[in-house]
Amino acid sequence: MQLNTKHFGVIDVDEKETLYFPSGIPGFENVKKYVLLGKQEAESPFFWLQSIDKPDLAFVVTDPFYIKEDYYVDVDDEEIEEIQITDPENVLTLAIVTIPENIQHMTVNLKAPVLINMKNNMGKQVIMKDDTFPVKYYIMTGGSEPPR
Amino acid sequence: MLVLSRKKGQSIMIGNDIEISIIDIQGEQIRIGINAPRHVTVYRKEVFEEIIKENKEAASVSVNPELIKGINIKRNANQKINENGN
């Protein structure tokens with residue numbers, strides 16, 4: 001299918017790659033269909049979670065385990081029931097990146113990762129109950145806020 | 001919004017499987033007990049709002065993909081490096 005994207009113009013995407021978020025993403029509850037772009041760029045740890053129906057909506061996402069080696073995801077089974085995760089092996093974990101004007105201050109949301117069940121292409125952003133990982137983890141400095 | 005008055009020890013039912021109880025009242029602080037099926041997620045509203053705010057901020061910026069590709073990340077691998085360095 002032809003897909004209108006925020007940053008890459010019109011591209012061709014296999015419909016089978018559609019990711020379905022039954023509850024959307026908090027703040028964008030009505031947007032349910034996305035595709036993951038940029039996977040083929042092996043040298044970059046960043047991908048794009050591009051909305052299918054809203055060309056203007058795209059999130060930069062990354063692999064949180066690459067950003068922080070001791071990262072882990074801890075959520076109740078009931079929370080991921082919605083996307084039918086039964087085997088953690090088949091889960092792709094992504095974290096949403098926020099990029100302000102000063103790129104030195106870019107952060108990644110480690111508290112609320114996006115989980116994708118690769119068996120059925122269903123996704124959900126989950127919020128961890130404990131505060132082990134912050135909403136704003138500063139990527140460029142390895143965690144703490146860089147000086148302004 | 002429906003507004004109900006409740007005393008300490010009393011509760012409210014939402015549907016037939018969610019119960020909100022007033023456990024204790026100390027001045028401005030109220031302890032609330034929630035009994036709900038496990039698939040119902042319960043958060044303090046601030047936490048949920050913080051995630052929404054962060055998502056909106058993340059979605060609002062227009063980023064040049066070329067710029068992102070060039071970013072070198074400082075990986076948090078310090079523990080391992082220290083262990084090996086000794």
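**Strand pairing in chain A**

I started with strand 4 of chain A, residues 33-37, in this predicted model. Strand 4 is joined to strand 5 (residues 46-51) of chain A by 4 bridges, and the two run antiparallel. I looked up one pair in this ladder: Val35(A) stands opposite Gln50(A) of strand 5. Strand 4 also pairs with strand 3 (residues 19-20) of chain A, again antiparallel, through 2 bridges. There, Leu19(A) has Tyr34(A) as its bridge partner. For reading side chains off these strands I kept in mind that in a regular strand they alternate between the two faces of the sheet.

**Positive phi in chain A**

Next I checked backbone angles. Most residues other than glycine have a negative phi. Gln84(A) is not a glycine, yet its phi is positive, about 60°. I placed Gln84(A) in the loop between helix 2 (77-80) and strand 7 of chain A. Gln84(A) has 11 other C-beta atoms within 10 Å, so this residue is exposed.

Asn121(A) also has a positive phi of about 60° without being a glycine. Its loop runs between strand 9 (114-117) and strand 10 (122-125) of chain A. I noted 18 other C-beta atoms within 10 Å of Asn121(A), which makes this residue partly exposed.

**Gly143(A)**

I found Gly143(A) in the segment after strand 11 (137-138) of chain A. Gly143(A) counts as partly exposed because it has 18 C-beta neighbours inside 10 Å. I also looked up its distance to Asp74(A): the two are 69 residues apart along the chain, and their C-alpha atoms are separated by 19 Å.

**Chain B, overall**

I then turned to chain B, which has 3 helices and 3 strands. From the N terminus on, the order is β-β-β-α-α-α. Of its 86 residues, 7% count as buried. Of the contacts in chain B between residues at least 6 apart in sequence, 0% join residues at least 24 apart.

**Helix 1 of chain B**

Helix 1 covers residues 45-60 of chain B. I counted 16 residues in helix 1 and a reach of 22 Å from first C-alpha to last, close to the 22 Å expected at 1.5 Å a residue. Which residues of helix 1 of chain B are buried? They are Ile51(B), Glu54(B), Asn55(B), Ala58(B) and Ala59(B). Down the helix axis these buried residues fall within an arc of 130°, so they line one face of helix 1. The general rule is that an α-helix has 3.6 residues a turn, so residues three or four places apart point the same way. On the face turned away from the buried side, I found the exposed residues Lys45(B), Glu46(B) and Ser60(B). The cover over the buried residues of helix 1 includes strand 6 (58-62) and strand 7 (91-98) of chain A.

**Contact between the chains**

I looked up the interface: 26 residues of chain B are in contact with 33 residues of chain A. On the chain B side, the elements giving two or more residues are helix 1 and helix 2 (65-69). Helix 1 gives the largest share, 11 residues. By class, the chain B side has 13 nonpolar, 4 polar and 9 charged residues.

**Confidence**

I closed with the scores. The model has ipTM 0.91 and pTM 0.83. Chain B averages a pLDDT of 83, and 81% of the residues score at least 70. Over residues 77-86 of chain B, pLDDT stays under 50, and the model has 2 contacts beyond four places in sequence for them.

Conventions: Residues are numbered from 1 along each chain as its sequence is written. Chains are lettered from A and ligands numbered from 1 in the order in which they are written. This is a predicted model: local features need pLDDT of at least 70, side-chain atom pairs count only at pLDDT 80 or more; totals for chains, interfaces and linings use all residues. Two residues are in contact if their C-beta atoms, placed from the backbone, lie within 7 Å. Ala, Val, Leu, Ile, Met, Phe, Trp, Tyr, Cys and Pro count as nonpolar, Asp, Glu, Lys and Arg as charged, and the others, Gly among them, as polar. pLDDT is the predictor's confidence in each residue, from 0 to 100. Two strands pair if DSSP finds at least two bridges between them. The expected span of a helix is 1.5 Å times one less than its number of residues. A residue is buried if 20 or more other C-beta atoms lie within 10 Å of its own, exposed if 12 or fewer, and partly exposed in between; C-beta atoms are placed from the backbone. The arc is that of the directions from the helix axis to the C-beta atoms.
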